[in-house]
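Student: I would like a close look at one part of this model, with the rest of the chain brought in where it helps. Please take it step by step.

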Amino acid sequence: MKSFFEAIGSLFSDFLFLPFDALRQLELTNWWAANFINWFFILICCGAFVYWIKQLNIFKANNEDDQDTTAHSFLK
């Protein structure tokens, strides 16, 4: 069993964490390049939020938005 857990440890530390090690080394030279992935995901989330708000406004303009507080039986 000891060799099994050592193999799992070797898999993670020697192979699967290599991209994170590369980002750690890149961060020492260029912070913006190392955090490009974070900024990319932030932009995707902002775009999704704007799309969601636009869709909510479309439903509200068409009076399809049910805001009745008794929509569920347990709220009556």
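The part in question is helix H2, and the answer below starts there and then moves outward.

Tutor: The model is predicted. Helix H2 covers residues 18-29, and it belongs to a chain with four helices and zero strands. Read from the N terminus, the order of elements is α-α-α-α.

Start with the charged pair in H2. Arginine 24 and aspartate 21 form a salt bridge, and their closest N and O atoms lie 3.3 Å apart. That separation meets the criterion, because a salt bridge requires a side-chain nitrogen of Lys or Arg within 4 Å of a carboxyl oxygen of Asp or Glu. The positions in the sequence fit the helix: the two residues are three apart in H2, so about one helical turn separates them. The two partners fall into separate accessibility classes. Arginine 24 has a relative accessible area of 51% and is exposed, while aspartate 21, at 27%, is partly exposed. A search of the whole structure returns one salt bridge, and the pair in H2 is a salt bridge.

Next, the start of H2 and its neighbour. Helix H1 spans residues 2-16, and H1 and H2 pack with axes 6 Å apart at an angle of about 45 degrees. The two helices are therefore oblique to each other, because an angle under 35 degrees would be needed to count as roughly parallel, and 65 to 115 for roughly perpendicular. On the H1 side the contact is made by Asp14, Phe15 and Leu16, and on the H2 side by Leu18, Pro19 and Phe20. Aspartate 21, the acidic partner of arginine 24, is not among the residues listed for that contact.

For the wider setting, consider the surface of the chain. Of its 76 residues, 3% count as buried. The chain exposes about 7,100 Å², of which carbon and sulfur atoms supply 69%.

Finally, covalent cross-links. The search of the whole structure finds zero disulfides. Cysteine 45 is in no disulfide, and the nearest cysteine sulfur, that of cysteine 46, is 7.1 Å away. Cysteine 46 is likewise in no disulfide, with the sulfur of cysteine 45 as its nearest at 7.1 Å. A disulfide calls for cysteine sulfur atoms within 2.5 Å, so a pair at that separation does not qualify. Cysteine 45 is exposed at 53% relative accessibility, and cysteine 46 is partly exposed at 44%.

Terms used. Residues are numbered from 1 along each chain as its sequence is written. This is a predicted model: local features need pLDDT of at least 70, side-chain atom pairs count only at pLDDT 80 or more; totals for chains, interfaces and linings use all residues. Side-chain values use heavy atoms; hydrogens and water are left out. Buried means under 20% relative accessible area, exposed over 50%, partly exposed in between (1.4 Å probe, protein chains only). Accessible areas come from the Shrake-Rupley method with a 1.4 Å probe; for residues, only the protein chains shown count as cover. Axes are lines fitted to C-alpha atoms, for helices over the stretch in contact, and angles run from 0 to 180 degrees between N-to-C directions. Angles under 35 degrees count as roughly parallel, over 145 as roughly antiparallel, 65 to 115 as roughly perpendicular and the rest as oblique. Contact means heavy atoms within 4.5 Å.
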